[in-house]
Each structure stands twice: as C-alpha cells, then as structure tokens.
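Work through the exercises below with the model open. Each task is followed by a solution in steps.

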Amino acid sequence: EVYFKNLSKQKQKKVMEKNGNSHKLRVCVATCNRADYSKLAPIMFGIKAEPQFFELDVVVLGSHLIDDYGNTYRMIEQDDFDIHTRLHTIVRGEDEAAMVESVGLALVKLPDVLNRLKPDIMIVHGDRFDALALATSAALMNIRILHIEGGEVSGTIDDSIRHAITKLAHYHVCCTRSAEQHLIAMCEDHDRILLAGCPSYDKLLSAKNKDYMSIIRMWLGGDVKTRDYIVALQHPVTTDIKHSIKMFELTLDALISFNKRTLVLFPNVDAGSKEMVRVMRKKGIEHHPNFRAVKHVPFDQFIQLVAHAGCMIGNSSCGVREVGAFGTPVINLGTRQTGRETGENVLHVRDADTQDKILHALQLQFGKQYPCSKIYGDGNAVPRILKFLKSIDLKEPLQKKFCFPPVKDNISQDIDHILETQSALAVDLGGTNLRVAIVSMKGEIVKKYTQLNPKTYEDRLELILKMCIEAASEAVNVNCRILGVGISTGGRVNPREGIVLHSTKLIQEWSSVDLRTPISDALHLPVWVDNDGNCAALAERKFGHGKGIENFVTLITGTGIGGGIVHQHELIHGSSFCAAELGHIVVSLDGPECLCGSRGCIEAYASGIALQREAKKLHDDDLLLVEGMSMKKEEIVSAAHLIQAAKLGNTKAESILRTAGTALGLGVVNILHTVNPSLVILSGVLANYYVNAVKDVINRQALSSAKTVDVVVSNLADPALLGAASLVLDYTTRRIY
C-alpha cells in the first residue's frame, strides 16, 4: 500500500512538473449562503476532481449556519465536501446595523482561519456583505483573490459591494461580455480577466431532462401539473426597505387573487427580511391551501422546479440569470436587478401602486414558453476556470496593476489559454443538401458539415439536431463561443415565431414546421429562422456589397430564383411574410408554366430548373451538342450543358439564354420601379451569365431616374450560411450580451 501511494505521488509530481508547476495550488473557497454555493459548488467539484493540481479548503459562514434560513451548510456536507471551518458571523436583527456588525464580526474571526490555512488563492463570489469581509481579510493578509461574477450591474447596495470586491481582487471570472467590458473600464488588468460564463450554467444546461415530477409533487403536492404553478422568491431592497416591503405585500395579494399553486421561498438575511416574514404570516401564507412556504430548496431540486414552472416572480438574480436557460417566464419586481442583462423571458414591473399591475403581469406571463437564453453561460465555465487557475504564476508580484485609460477600443479576450471567438451555428436547408457551419463574427466559416437532406420531416429534424450538437461540441475545441443558431430554408417563413409556413416543392414535408422550439430546447441556444432569399440579403448587408448601403436588393439565381429587399437598412418581410418573392414576378402573360402554378414568372425563364428544361428539349431534338461537346450516355442533361453549348456557338442555346437574361432584366426593372434601390446584387451560380443582360435591359427599359442603379455580382462564397449566421450575429451585436 505504501509503495503504491509513493508511486501515485511520483506520477502526480511528474504531471505537475510537465505543466510547469511543482506546487499544488491551495485553494480556499468560502461560501456564505445558499445562493453563492450554487455558483461555487461546480467549481469546488472541479477542483476536487483534480487532486494532482489542487488542494481544496472549504470555509462556511453567514446564513448557512442559521436555522431560520435552513441550516444550508448541510447540503455542502451532503455533496461530500469536508468543511474545514464554520464561522458564525451573522448578528441577528435583520436591519442595517446588523449587517454592519456582521461584517465586523467576520473581520474579527477570519484572520485566525486564514493564518492556519495559508491558502495560495481565495475564491470569493458575488456581492454580499459577507463576501466583502472575506475579500478585505484576504487582501490585507496578502492572499490572492479570485472574484466570481464581477463587473455586473444590478440595483441596491449590491453594486457598490461588488465593485469594491473587484478592486480588492487579483483575478476576475465574469459571465457576460458587458461585465468584461465593465471590468476593463474599471481599470482592471486585461490579462487577469476571464470571460467564462456562470458556473451554475454547467449544471443547469444538463438538468432539464431528469425526473422532475417527483420533485414537483414533493414541494407542491401530488395534484400539480407542469407549467401550472408559480415559484416566488423576493428579497428586501436594503436601500429602500419600506418600499420593498410594500411591493412584497402587493405581490402576495396578486398571487392570492391569481389563484395558482405557488411555492414561496423565505427571503435572505438582508435588512428588512424580518418585516417581510411578518407580512407572509400576517396574510396566512404558511397555512393557505394554494401556497407552500419554505426556507430552503436544494439547488438541484430548485432547478427542476423553476424549469417546469408556469412562471417565476420576485426580485432574485436567479430569475434574470439562471431561469433564462429554460425559457421559463419571469416577472422581475422593483429595482433590485436594475441593470442586469436579461433574456426575452423577463417582464419588468419597476413600480406598482396596487396589486393590479402585478396581477396583469401574471396574466401576461403565466404558462408561456420562451426560447432558451445563454446570455450568462454555455455550460463550459468550470473547465475554463480550472484552466485559468492552473495558469496562475505564484511567482508573479502580488501587488495589483491597474490599466488606466485610455482603454483599447476593441478589447477581445486576449488571455492566451482561453482565446475564444464569438460565433454562430449556421444551418442551410437546401433542396439537396443539409449544411451546418460554425461562422465567426468576421464571416469566416471555421468548420462546415454537409449531409444529404432527408426526405421526411422526422429524419430531417433528427439530422439537424445531430449535426448542430456535433458542431456545438466541436466549437469548444476550436475556441468558438456559440451565440445562437440561424437557419436558412426555402419557402415562406414566419421569423417571429421560427415557423416554416410552407416550403418549395424541392423540400418535401416542410409546412407548418416549428424549427425554433425543438432546436432551442435541445441546444439551450436562441434560434432564428428565415427564408433563404432574405438570408442572402442579410449576408450581403453584413459581409458583402450591401455593407453600409441603405437600400438594396439581392437576387439569387440558382436552382430557383429568390431574393431579399433591404430598405432603410432593414429587411422587408411583408404583412404575411411573402415579401421579396422575386422569382415569381410575372414578366409574360403567356410564358412557360412555373412550379408555383402560375405562368410567365422569372423563375420559369431564368432558374436552373428552367434552363435544364430547355436544355433537355434541345437534347431530345439532337440540337444541343455542338463540336467540342460530348456527353456520356448515363449523364443527366443540365443547365451547365446549355451554357457550354452557347459558349461554343450553339445559336439556339444562345437564344434561350438571351431570353432568360431578358426575363430576369425585366423583373429587375419592375423591382427598380417599385422599391427604387441604389444597388442590385446578383448572387448564385448563374449570376455571372446574367449580369450583362440585366444591365442591357435596364438601359433599354428602365425610367431614366432608375438607370443610375449599380448592378454587381456577389463576391460571397456561401451567402446562405453567412446569411443564417447574420441572423444570430446581427441580433447579438444589437443586444450587446
């Protein structure tokens, strides 16, 4: 046994020497309450899983050790962590003076603990007054501090405490791009900031599919159904206690009137919490048949409860952060979370004089389902944080360095070991192939996957999910952060709901299909869907000739004819999402039949299918092949053969292409006279063959005021994928995550 222990130690030593660090990093994690433990626990599990690199010491203080708040230190023990020290630091009273006295008591007790532990680094979370005492003690005792969730903005005194801890901390792990920018603006060293995402999301994004009905029944009763109950969690606002208690009274009145089963969690230990508990008891909440009032719910079970709730109401940061991962509707009350980044699932009630405003918000939100949001994380925070911890050089000077203005205009993540690129998953649903790609913010296709498009709806959706999951996994390996999924598909699309209303004949079984919900649920990412022509226009607006142009039209010339119209920098969808069906502009009353059922459409003349049809007619009459051309017996006649024949002098082929170019040109003239763009972009495989013909028709047929339009050929290699990516990248740029 001794031999094997020594052998194991030697192996660990070799691993550490290989990584350039012969010293195990001694990490002290201090947790103060149930909320911060939900963020710190995933990191603690990660540290514990790598004993060759880390030694973990756990210190418990604050409301963890108070019976009225659930004695939540027990869940730390249940997670099999050894608690090195328990510090009773809360002075009861639940008012402003008690908070100050609690900080002072913690400052008195912590030095002895830190002297005994002698940690290399202390991990401190968030913005609680207990955390301020921890950071102050560690900083004054020359212990390095890693601060989790710095740089965020919310309401009340929490902002001031959070930013004070930031100034004391040596290293920073933030959850959002905005938080990172705030830290940089606060003069923190760029190289010591890690944009990792929220650690709790590592557990959240894998939690929803677990057995949840037993948990719901345990906390709310056996007769409750999913999406038919409410979770309420409201804390006092320490800078305006009187108003926050009034808001809590109105909330309870509204919940009683709304008459739905409700799980109410007791407030935290902040000043004003005692008065809020009195309000609960005054209204009989603990004995009301519709309410279940509890001090604490284990985080694993709380996840399941909010994931399947009809709504969450209150002012907890959990509502605006973690709950977005499930798309559960949230009503955020008051000012406690003012400034937080939120998903579209959050409805704010900033102020309320009566219960009516809150009741109306409940009626609006209850039972809805929103797209999953990943503003605060993608499920890979802990691996990034552990990698960051391993990179810390204890030989570096302890004294902090501040990066005073001027701050760089465009700060990217420049930490060598975790350089990541904001990217989108782009999906192109073509008539033949299904393609998925990782596309960067600059329009670079980092990785692309292609499969034949299945014929049935079920197989197609299954393949989309499989390819997207594979691409999302690979994104971590190529250091790309996926912001969302954009889907380009043929047919008429409702982009607001993410539904394909009906598709072209090229894509079978593709009508009234909700693409957003199943893909968003599976990947926990926001999903956007639009028509392939519109996507091509978006690609040009972001990456191509349309960049910076106020009014332009993109015309796709491929298997079919499609396009998109950008007017005053915005894409036009129309009242029934049928705008820009440019291939079905009629240019002849007695022209050839189109796939849409009409006659004389541009698509019936100038599409790849139309040219193939005419090429087959010539071939059947032995009029296609000319000297210099040959075809194998089993070779299928295509539009390419017609173009080749025309180049070699086949007059009939030339005539067909001339007619096709004229039809396309007449369609463009109609577009010029309707929306008057300053630029027309021809895209697709046939664009180069049509551009001169289109210009000639414009010169002959257009009004003189419209002839000044520029007609160019797209220089984008893959407008469908780039357009699908633009759906995501444009939106995230506007939202500034």
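The exercises go from the whole chain to cavities, rings and single residues.

This is a predicted model, in which local features need pLDDT of at least 70, side-chain atom pairs count only at pLDDT 80 or more, and totals for chains, interfaces and linings use all residues. Residues are numbered from 1 along each chain as its sequence is written, and side-chain values use heavy atoms, with hydrogens and water left out.

**Exercise 1. The whole protein**

Task: Describe the protein by its secondary structure, span, burial and domains.

Solution.
Step 1. Count the elements: there are 24 helices and 26 strands. Helices (H or I, at least four residues) and strands (E, at least two) are DSSP runs, numbered from the N terminus.
Step 2. Take the span: the C-alpha trace covers about 95 × 65 × 55 Å along its principal axes.
Step 3. Take the burial: of the 737 residues, 57% are buried. Buried means under 20% relative accessible area, exposed over 50%, and partly exposed in between (1.4 Å probe, protein chains only).
Step 4. List the domains: domain 1 (23-198 + 381-391), domain 2 (205-365), domain 3 (409-544) and domain 4 (545-715). Such bounds come from an automatic or database domain assignment.
Step 5. Place two of them: the centres of domain 2 and domain 3, taken over C-alpha atoms, are 35 Å apart.

**Exercise 2. The largest cavity**

Task: Find the largest cavity, say what lines it, and explain where it lies relative to the domains.

Solution.
Step 1. Fix the term: on a 1 Å grid over the protein atoms alone, a cavity is a set of points where a 1.4 Å probe fits but cannot get out, and lining residues have an atom within 4 Å of a point. Grid points are joined across faces, edges and corners, and a volume is the space filled by probe spheres set on the points.
Step 2. Count: the structure has 9 cavities of 30 Å³ or more. The largest cavity holds about 660 Å³.
Step 3. Find the centre: 37 residues line the largest cavity, and those closest to its centre are Asn-33, Arg-34, Ala-35, Asp-36 and Ser-316.
Step 4. Assign the lining to elements: helix 2 (34-48), helix 6 (158-168), helix 12 (299-307) and helix 13 (317-320) each give at least two residues. Helix 2 has the largest share, with 5 residues.
Step 5. Sort the lining by type: 11 residues are nonpolar, 12 polar and 14 charged. Here Ala, Val, Leu, Ile, Met, Phe, Trp, Tyr, Cys and Pro count as nonpolar, Asp, Glu, Lys and Arg as charged, and the others, Gly among them, as polar.
Step 6. Compare with the domains: domain 1 and domain 2 both contribute to the lining, so the largest cavity lies between them.

**Exercise 3. Aromatic pairs and charges over rings**

Task: Describe the pairs Phe-45 with Phe-81 and Phe-53 with Phe-54, then look for lysines over these rings.

Solution.
Step 1. Apply the rule: rings of Phe, Tyr and Trp (its six-membered ring) pair if their centres lie within 6.5 Å; planes under 30 degrees apart count as stacked, over 60 as edge-to-face and the rest as tilted. The count is 4 aromatic pairs.
Step 2. Phe-45 and Phe-81 have centres 4.8 Å apart and planes at 50°, a tilted pair. Phe-45 is in helix 2 and Phe-81 in the loop between helix 3 (73-78) and strand 3 (83-87), 36 residues apart, so the pair links distant parts of the chain. Phe-45 is partly exposed, with a relative accessible area of 34%, whereas Phe-81 is buried at 4%.
Step 3. Phe-53 and Phe-54 have ring centres 6.4 Å apart and planes at 55°, so this pair is tilted. Both Phe-53 and Phe-54 are buried.
Step 4. Check the charges: one sits over a ring if NZ of Lys or CZ of Arg is within 6 Å of the ring centre and within 35 degrees of the ring normal. The charged end of Lys-48 is over the ring of Phe-81, 5.2 Å from its centre. The charged end of Lys-390 is over the ring of Phe-53, 4.4 Å from its centre.

**Exercise 4. Positive phi**

Task: Locate Asn-142 and Asn-676, and give the phi of each.

Solution.
Step 1. Recall the background: most residues other than glycine have a negative phi.
Step 2. Asn-142 has a positive phi, near 60°. Asn-142 is in the loop between helix 5 (129-140) and strand 5 (144-148), and is exposed, with a relative accessible area of 57%.
Step 3. Asn-676 has a positive phi, near 50°. Asn-676 is in the loop between helix 22 (651-675) and strand 25 (679-683), and is exposed, with a relative accessible area of 51%.

Definitions and conventions. 1 Å grid on protein atoms, 1.4 Å probe; cavity = no way out; pocket = protein on both sides within 12 Å on 5 of 7 lines; lining within 4 Å.
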